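The following exercises are meant to be worked through with the sequence and the 3D structure in view. Each task is followed by a solution in steps.

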Amino acid sequence: KRNSRTGAPFHSEVDQLRLVSEVLSNNKSKVALDHLINYLAVEWEKDPETIRNWFYSEISSDNATSYKHLFKDINQARNESRDFLKDDNVIPLGFDLLDQCFPGNGARPGQLFMALGKSGTGKTMLATQILSNMAETGVRSIFFSLEQAAKSLFPRLVCQALDVNMDEAERLIRSDEQEDEDLLDPVRETYKNMLIIDNVPTENREAQSMTPKRVQAVVQEANLTHFKDAPANVVVIDHLGILDVDSDAPSDVRGSDLMAPGFIMQRLFAIAKS
């Protein structure tokens with residue numbers, strides 16, 4: 001800063017260097033530092049390279065954050081894509097038109113998908129049908145049923161597995177005849193690798209506040225106690241609107257219906273990657 005009357009600096013050059021060093025100690029971004037170099041070179045009437053050398057004598061370039069690792073040209077993208085497609089660890093959704101939308105014709109570990117639709121448009125039906133398709137290839141899945149209790153979900157699974165209407169599904173479930181019980185065997189076989197997380201409140205049990213971190217904890221426990229031979233491949237959450245933000249979320253997120261879904265998706269994305 002300069003005296004507005006005389007134009008002389010308020011601080012000597014030594015003091016200016018000391019003050020700027022204090023600022024730099026709190027800013028470790030190379031992008032921000034490099035932006036300041038040209039500004040100070042003009043203010044101090046010095047060569048930019050001299051300023052740059054001084055900057056990085058005050059802060060080790062190893063300790064400053066660089067963003068170069070984010071830069072990828074089209075050739076690097078092509079090479080990484082080739083390696084990506086060599087990996088055949090793909091889980092088909094079982095619908096040709098959907099699978100054709102994804103590289104390798106299916107979902108891959110670490111990916112996060114969100115299906116949007118108004119209430120009653122069939123999101124749950126689509127999710128359970130995808131899990132049914134995946135189950136036929138041995139995929140292990142965890143289905144968070146946050147809106148429907150397992151007792152309400154099961155008739156839907158019967159309809160899908162046996163290709164019957166709801167009346168017939170309910171008749172088979174209510175029946176005490178062994179013949180009808182045997183007809184339900186294909187349902188058990190189809191969904192034998194699916195675990196339902198029933199978090200719908202009952203007269204004797206309150207619902208857990210389900211957050212991304214709690215989802216992760218439930219998945220970890222299921223992998224340890226239910227899927228003992230190998231962890232689950234796929235996790236489905238029905239639905240996003242019932243999830244709460246984690247307790248460590250910023251206060252402005254916890255108090256905003258607009259910001260909460262984005263925060264939750266970020267957390268779920270990190271969980272999927274891990």
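**Exercise 1.** Determine which residues Ser145 is in contact with, leaving aside its neighbours within four places in sequence.

*Solution.* Contact means heavy atoms within 4.5 Å. By this criterion, and with those neighbours set aside, Ser145 is in contact with Leu153, Ile196, Ile197, Asp198, Asn199, Val200 and Asp238. Next, place the residue: Ser145 belongs to strand β1, where helices (H or I, at least four residues) and strands (E, at least two) are DSSP runs, numbered from the N terminus. Then consider its accessibility, for which buried means under 20% relative accessible area, exposed over 50%, and partly exposed in between (1.4 Å probe, protein chains only). With a relative accessible area of 1%, Ser145 is buried. Finally, a polar atom of the Ser145 side chain lies 2.3 Å from the backbone oxygen of Gln148. This is a polar contact, that is, a pair of N or O atoms within 3.5 Å; within protein, one must be able to donate a hydrogen and the other to accept it, and residues adjacent in sequence count only if both atoms are side-chain atoms.

The model is predicted: local features need pLDDT of at least 70, side-chain atom pairs count only at pLDDT 80 or more, and totals for chains, interfaces and linings use all residues. Residues are numbered from 1 along each chain as its sequence is written, and side-chain values use heavy atoms, with hydrogens and water left out.

**Exercise 2.** Identify the residues with the most contacts inside the largest nonpolar core.

*Solution.* A nonpolar core is a set of buried Ala, Val, Leu, Ile, Met, Phe, Trp, Tyr and Cys residues joined through side-chain atoms within 4.5 Å. The largest one has 21 residues, and those with the most contacts inside it are Leu131, Met134, Phe143, Met194, Val234 and Val236. Two or more residues each come from α6 (123-135), α7 (150-162), α8 (166-174) and β3 (234-238). Apart from this core lies another, of 19 residues, including Phe227 and Leu243. As a closer view of one member, Phe143 is in contact with residues including Leu131, Met194 and Val236, once neighbours within four places are left aside.

**Exercise 3.** State whether Gln160 is buried or exposed, and find its polar partners.

*Solution.* Gln160 lies in helix α7. Its relative accessible area is 19%, so it counts as buried. Its side chain makes a polar contact of 2.6 Å with that of Thr128 and another of 3.1 Å with that of Gln129. Beyond four places in sequence, Gln160 touches Met125, Thr128, Gln129 and Tyr191.

**Exercise 4.** Locate Gly138 and describe its surroundings.

*Solution.* Gly138 is in the loop between α6 and β1 (141-145). At a relative accessible area of 35%, Gly138 is partly exposed. Outside four places in sequence, its contacts are Asn193 and Asn233. Gly138 and Tyr191 are 53 residues apart in sequence, with their C-alpha atoms 9.7 Å apart in space.

**Exercise 5.** Explain why the protein is described as more spread out than a compact globule.

*Solution.* The protein has 13 helices and 3 strands. Its radius of gyration, taken over C-alpha atoms, is 29 Å, well over the 19 Å from the globule rule for 274 residues, so the protein is more spread out than a compact globule. That rule is 2.2 Å times the number of residues to the power 0.38. Along its principal axes, the C-alpha trace spans about 100 × 50 × 35 Å.
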